[in-house]
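User: I am new to this structure and would like to know how each description is justified. Please go through the terms with me.

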Amino acid sequence: MRNKRILLLVEIAIFGALGYVLDFVAFKMPQGGSVSLVMIPIVLMAFRRGVGAGVLTGLLVGLLQIVTGVISVTPLSFGFVILQVILDYLVAYAMVGFAGSMRSQYVNGLQNGKTGSMISAIVIGILIASFLRYVVHVITGILFFAEFAEGNVVIYSIIYNATYMIPVFLLAAVVCSALFVAAPKLVDSKA
């Protein structure tokens, strides 16, 4: 039992570090946000080990970004900056772990040899993860980036965050679908 727990923590550390590194290969947006491959290792861990492991991996990615200073913050008072950083980095990336809510559908499709079911589970899981992350970013946009808004801050935040989250969703869905179908042993935690 102890060895399994240690293995899980090692996997979370490896996938968290990989997510952090993959976030450097990105198209950065002017007021924060980027189109990158950061979600792929988090989604992989969520499908490999479940929602809890995915959430922890996402938290680790966000924490690594915070401690290394690879973050975008607003020039507000210190207390608000801390809240913005917690939401935009810890909570937002933790939400990606909820892709694992489709894990059992993916495994079922894999066991029955139904590639279409596997891909559907992957895409729906990533859609859930992307939507939850998007909602967090929209909230932080409304609360902390209002000075950049031209017009209604809610509409601005919804549109601005969609400009990078839609491509992130599409990129993660395509890459994870191809990867998980071609190499299903990546998702098998017993392999």
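Analyst: The protein chain exposes about 9,400 Å², and carbon and sulfur atoms supply 73% of that area, where accessible areas come from the Shrake-Rupley method with a 1.4 Å probe. This is a predicted model, in which local features need pLDDT of at least 70, side-chain atom pairs count only at pLDDT 80 or more, and totals for chains use all residues. Residues are numbered from 1 along each chain as its sequence is written, and side-chain values use heavy atoms, with hydrogens and water left out.

User: What makes the protein chain as compact as a globular protein of that length?

Analyst: Its radius of gyration, taken over C-alpha atoms, is 17 Å, which is close to the 16 Å that the globule rule (2.2 Å times the number of residues to the power 0.38) gives for 191 residues, so the protein chain is as compact as a globular protein of that length. Of the 191 residues, 42% count as buried, meaning under 20% relative accessible area.

User: Why is helix 1 called roughly antiparallel to helix 2?

Analyst: The axes of helix 1 (residues 2–22) and helix 2 (residues 39–49) cross at roughly 155° and come within 8 Å. Angles over 145 degrees count as roughly antiparallel, and that makes helix 1 roughly antiparallel to helix 2. The contact, defined as heavy atoms within 4.5 Å, involves residues including Leu-7, Phe-15 and Leu-22 of helix 1 and Leu-44 and Met-45 of helix 2.

Terms used: Axes fitted to C-alpha atoms, helices over the stretch in contact; angles between N-to-C directions. Helix = DSSP H or I, 4+ residues; strand = E, 2+ residues; numbered from the N terminus. Parallel < 35°, antiparallel > 145°, perpendicular 65-115°, else oblique. Buried < 20%, exposed > 50% of the residue type's maximum accessible area, 1.4 Å probe, protein only.
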